[in-house]
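Trainee: Let us go through this model by question and answer. Please fix the terms before we start.

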Amino acid sequence: MEYNDIITRIIEFLGTFAFAISGIRHAAAKHFDWFGGYVCGIAVAIGGGTIRDVMLETTPFWMTSPIYMICTAMALLFVIVFAKHMEGLRNTWFVFDTLGLALFTIAGIQKSLAFGQPYWVAIIMGCITGSAGGVIRDVLLNNEPVIFQREIYAMAAVAGGVTYWGLDNLGISIEVTVIVSFLITCLIRFLAVRYHLSLPTLKDE
């Protein structure tokens with residue numbers, strides 16, 4: 001396995017864990033049982049990556065190894081064991097959701113590039129990988145999809161993707177490129193929520 005493939009696998013694993021916790025926490029807020037929480041965790045963790053892999057005409061990443069199912073089970077166990085501690089931390093789900101968004105955006109970009117896609121396609125794929133799982137989660141929970149809410153979400157993934165492209169074109173090492181892109185995505189998302197930043201809204205007549 002090549003070095004870049006190893007980095008992508010690690011990022012996918014961490015993103016799966018972060019997104020799964022986000023989905024399970026949302027399910028807990030709706031008082032779902034453990035199985036329902038697991039389903040929500042799976043949906044948000046693999047949804048975006050599955051859409052990406054289908055569009056790339058390759059086997060969905062979670063079908064190549066049971067580790068992603070196990071990772072989601074670990075996330076469920078984590079939420080169950082530390083539920084009382086997490087209850088006191090407001091917006092804990094938001095933090096994990098942001099981490100998952102940033103991690104999967106990078107994973108989507110790297111996999112798309114590995115399949116020979118141009119950068120503009122890779123950035124779109126990164127955005128889909130990072131945000132589509134959250135849409136599926138919100139539909140399952142009967143919530144307004146997060147990408148349609150005013151706070152910047154998918155555009156943070158786009159910004160992270162553009163950062164990745166810029167650093168890669170400058171010949172920056174893969175490690176630095178990944179870290180900076182991750183931080184940019186998280187920073188934009190955190191600042192957007194903290195200061196209620198949003199894109200201009202459409203107005204009807």
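Mentor: A helix here is a DSSP run of H or I with at least four residues, and helices are numbered from the N terminus. Keep in mind that the model is predicted.

Trainee: Which element of the protein chain has the lowest mean pLDDT?
Mentor: The chain as a whole has a mean pLDDT of 89, and 94% of its residues reach 70 or more. Among its elements, H7 has the highest mean, 96. The lowest, 68, belongs to residues 83-87, which form helix H4.

Trainee: What phi does Asn142 take just after H6?
Mentor: Asn142 is in the loop between H6 and H7. Because its relative accessibility is 69%, over the 50% cut-off, Asn142 counts as exposed. Asn142 is not a glycine, yet its phi is positive. The value just after H6 is about 60 degrees.

Trainee: Where is the kink in H6 centred?
Mentor: H6 has 22 residues, and its end-to-end C-alpha span of 32 Å is close to the 32 Å expected at 1.5 Å a residue. There is nevertheless a kink of about 35 degrees in this helix. Its centre is Ser131.

Trainee: Is His31 buried or exposed?
Mentor: His31 is found in the loop between H1 and H2. Although not a glycine, His31 has a positive phi of about 65 degrees. Its relative accessibility is 72%, and the threshold to pass is 50%, so His31 counts as exposed.

Trainee: With which side chain does the side chain of Arg52 make a polar contact?
Mentor: Arg52 lies in helix H2, residues 34-55. Its relative accessibility is 0%, so Arg52 counts as buried. Beyond four places in sequence, its contacts include Phe61, Ala107, Gly108, Lys111, Met125 and Thr129. The polar contact, at 3.3 Å, is with the side chain of Glu12.

Trainee: Which residues does Asp97 touch, not counting those up to four places away in sequence?
Mentor: Asp97 is found in helix H5. At 0% relative accessibility, under the 20% limit, Asp97 counts as buried. With sequence neighbours up to four places away left out, the residues that Asp97 touches are Phe19, Ser22, Arg137 and Tyr153.

Trainee: Which residues have the most contacts inside the largest nonpolar core?
Mentor: In soluble globular proteins, nonpolar side chains tend to be buried together. In this model the largest nonpolar core has 34 residues. Helices H1, H2, H3, H5, H6, H7 and H8 each give two or more residues to this core. Those with the most contacts inside the core are Ile11, Phe19, Leu101, Tyr164 and Val178.

Trainee: What does Tyr164 touch, leaving out residues up to four places away in sequence?
Mentor: Tyr164 is one of the residues with the most contacts inside the largest nonpolar core. Counting heavy atoms within 4.5 Å as contact, Tyr164 touches Ile106, Ile109, Gln110, Leu113, Tyr119, Ile174, Thr177, Val178 and Ser181.

Trainee: What separates the C-alpha atoms of Glu57 and Phe115?
Mentor: Glu57 has its place in the loop between H2 and H3. With a relative accessible area of 74%, Glu57 is exposed. Along the chain, Glu57 and Phe115 are 58 residues apart. In space, their C-alpha atoms are separated by 9.7 Å.

Note on methods. Residues are numbered from 1 along each chain as its sequence is written. This is a predicted model: local features need pLDDT of at least 70, side-chain atom pairs count only at pLDDT 80 or more; totals for chains, interfaces and linings use all residues. Side-chain values use heavy atoms; hydrogens and water are left out. Buried means under 20% relative accessible area, exposed over 50%, partly exposed in between (1.4 Å probe, protein chains only). A polar contact is a pair of N or O atoms within 3.5 Å; within protein, one must be able to donate a hydrogen and the other to accept it, and residues adjacent in sequence count only if both atoms are side-chain atoms. A nonpolar core is a set of buried Ala, Val, Leu, Ile, Met, Phe, Trp, Tyr and Cys residues joined through side-chain atoms within 4.5 Å. pLDDT is the predictor's confidence in each residue, from 0 to 100. The expected span of a helix is 1.5 Å times one less than its number of residues. The bend at a residue is the angle between axes fitted to the seven residues ending there and the seven starting there.
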